[in-house]
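Hi,

Here is the structure I promised to send over. Have a look at it first, then read on for my notes.

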Amino acid sequence: MQDLQNKIDKIQKNIFSDYRKKTIKSKNLFNKLLKKMPGGVSGSFRYFAPYPFYTKSASKSYIIDIDNNKYLDVFSGNGPLLLGHNHPKLVKEINKNKRYGSLPLNPYLLYECSSLISELVPAAEATRFLNTGTEAVMSAVRIARAYTGKSKIVKFHGHYHGQHDEFLIAIDKSKDLFSYGVPKSSVNKVTVQPFNDINSLEKLFNKDSDIAAVIMDAAMHAGGLWGTTRDYLKALRALTKKYGILLIFDEVITGFRLSSGGAQKYYGITPDLCTFAKAMGAGEKIAAVAGKKEIINILDPSGTNNKYVFQSGTVNDGTSALSSTIAALKIYKNLDKQGKYNSINKKALILKNGLMGIFNDIDLPCQINQVGSMLQIFISPRKIDFFKPDNRFSKIIELFYLALINHNIILSLPTSNHIYLSFMHTNNDIKKILSVSKEVLNHYKFDDLKIDKS
């Protein structure tokens, strides 16, 4: 293993050297920003070694950095840019409504936007808008507790539900907190369960009558994109109904990516509540909690219910975000009618199979998880799953992504390992990614890292 580590260190040295030559202005800006911002970035996932690059413009599926390097972008803003950068129909809709200013009181756009969501999303009889996925999850959970009169929430290992203290737990197979600064007491009302195990869940429901809701991400995105099946979701839906427990689909990642109606339409399972965020507005800052009208109406401030739940926010209904969402939802609807969701998923499958072949050809045994148009790469000589991971070779994947950046492709950020195709990506883009991937693995001598498959 030490010999392998020495080879990895040598590859890293060469990749870092080329990256530094390519991104001189970014390095200078990074050093300045370090004096003003922790890590030189405005979010943990935006950082990667030796330092991040900084962008100045973007269009369609391309990003240009401050050193004038032009990259094919397959990271897609960590997923929400399904329509690429600066889609003309989104820009047109935003500009059309600029005369109303950023924050008019109760903009008339609310009706068209909420109506489109109701049309597309099976569970969305009623909707409330917010700013972020974290806020949407907080609101959904608060609604569930008030509606049911119960206090506990079930979440699953490997599922991420935003930055609220209550859910920064069990991102991996342990029940560890995800961050310092999160009090252990904040997760007292969260019960963690293994995903895709209906028997374990029924045992819990039998012995605990204080469960208000089950929240889940159908892609199991944060835990490695392990996904689920319709059969499991069907059983989960039946089980939650049997015990009077609300089912919440966190569709911040899957919403409008798996289908125009999210994971619930894709799998044919309708939850009680669901949450959406940036993909809904094709990258604009907006989110929503939606669901059955009887449940969502607990937010009604008119005094007609006795379990009123408070939810508000100054910029929950900004005109740019609502405008972008209206345009995006119309496009998603048409793309679904045209079969484009099937097309993008097929492109992802071609990319998956191609990358696996390229890695395996140089004796780097590769497994790639796919859910719809999303991919995640793992290198291991053995069969792995969520509860049997193999993190020994994750550095190889990080360096592969940075090597691609050196060759003008952002397949993923090195610290992310999440690949998201957009509707802007063409078959030629897929061919280019595969061709350049083969080139960089050869150029940086990744074939020296042969891993024994036994």
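Below is what turned up, going through the sheets, a helix pair and a cavity. Do keep in mind that this is a predicted model.

**The seven-stranded sheet**

One open sheet has 7 strands, and if you walk across it the order is β4-β10-β9-β8-β7-β5-β6, with mixed pairing. The edges are taken by β4 (126-130) and β6 (190-193); each has a single partner strand, so one side of each is left without a neighbour in the sheet. On average, neighbouring strands here are turned by 20° against each other, if you ignore direction.

Inside that sheet, have a look at β5 (residues 152-156) and β7 (residues 211-216), which run in the parallel sense and pair over 3 bridges. If you want a spot to zoom in on, Val154 has Val214 in β7 as its bridge partner.

**The four-stranded sheet**

There is also an open sheet of 4 strands, again with mixed pairing, in the order β1-β2-β3-β13. Here β1 (55-59) and β13 (409-410) are the edge strands, and since each has a single partner strand, one side of each is left without a neighbour in the sheet. β1 pairs with β2 (residues 62-65) in the antiparallel sense, over 4 bridges. Ser57 is a handy marker for this pairing: opposite Ser57 stands Ile64 in β2.

**Two helices that cross**

Next, pull up α4 (residues 109-120) and α10 (residues 319-337). Their axes come within 9 Å and cross at roughly 35°, and the crossing is left-handed. From α4, the contact is made by Leu109, Leu110, Glu112, Cys113, Leu116, Ile117, Glu119 and Leu120, while α10 brings Thr319, Leu322, Ser323, Thr325, Ile326, Leu329, Lys330 and Lys333. Sorted by class, the contact between α4 and α10 has 9 nonpolar, 3 polar and 4 charged residues.

**The cavity**

So how many cavities of 30 Å³ or more does the structure hold? There is 1, and the space in the largest cavity comes to about 40 Å³. To find this cavity on your screen, select the residues that line it: Asn78, Gly79, Pro80, Val252, Ile253, Arg257, Lys278 and Ala279. By class, that lining divides into 4 nonpolar, 2 polar and 2 charged residues.

That's the tour. Shout if anything is unclear.

Cheers

Technical notes:
Residues numbered from 1 in each chain as written. Predicted model: local features only at pLDDT ≥ 70, side-chain atom pairs only at ≥ 80, totals over all residues. Heavy atoms only, no water. 1 Å grid on protein atoms, 1.4 Å probe; cavity = no way out; pocket = protein on both sides within 12 Å on 5 of 7 lines; lining within 4 Å. Points joined across faces, edges and corners; volume = space filled by probe spheres on them. Nonpolar A, V, L, I, M, F, W, Y, C, P; charged D, E, K, R; others polar. Pairing = 2+ DSSP bridges. Helix = DSSP H or I, 4+ residues; strand = E, 2+ residues; numbered from the N terminus. Axes fitted to C-alpha atoms, helices over the stretch in contact; angles between N-to-C directions. Left-handed = near helix turned anticlockwise from the far one by under 90°. Contact = heavy atoms within 4.5 Å.
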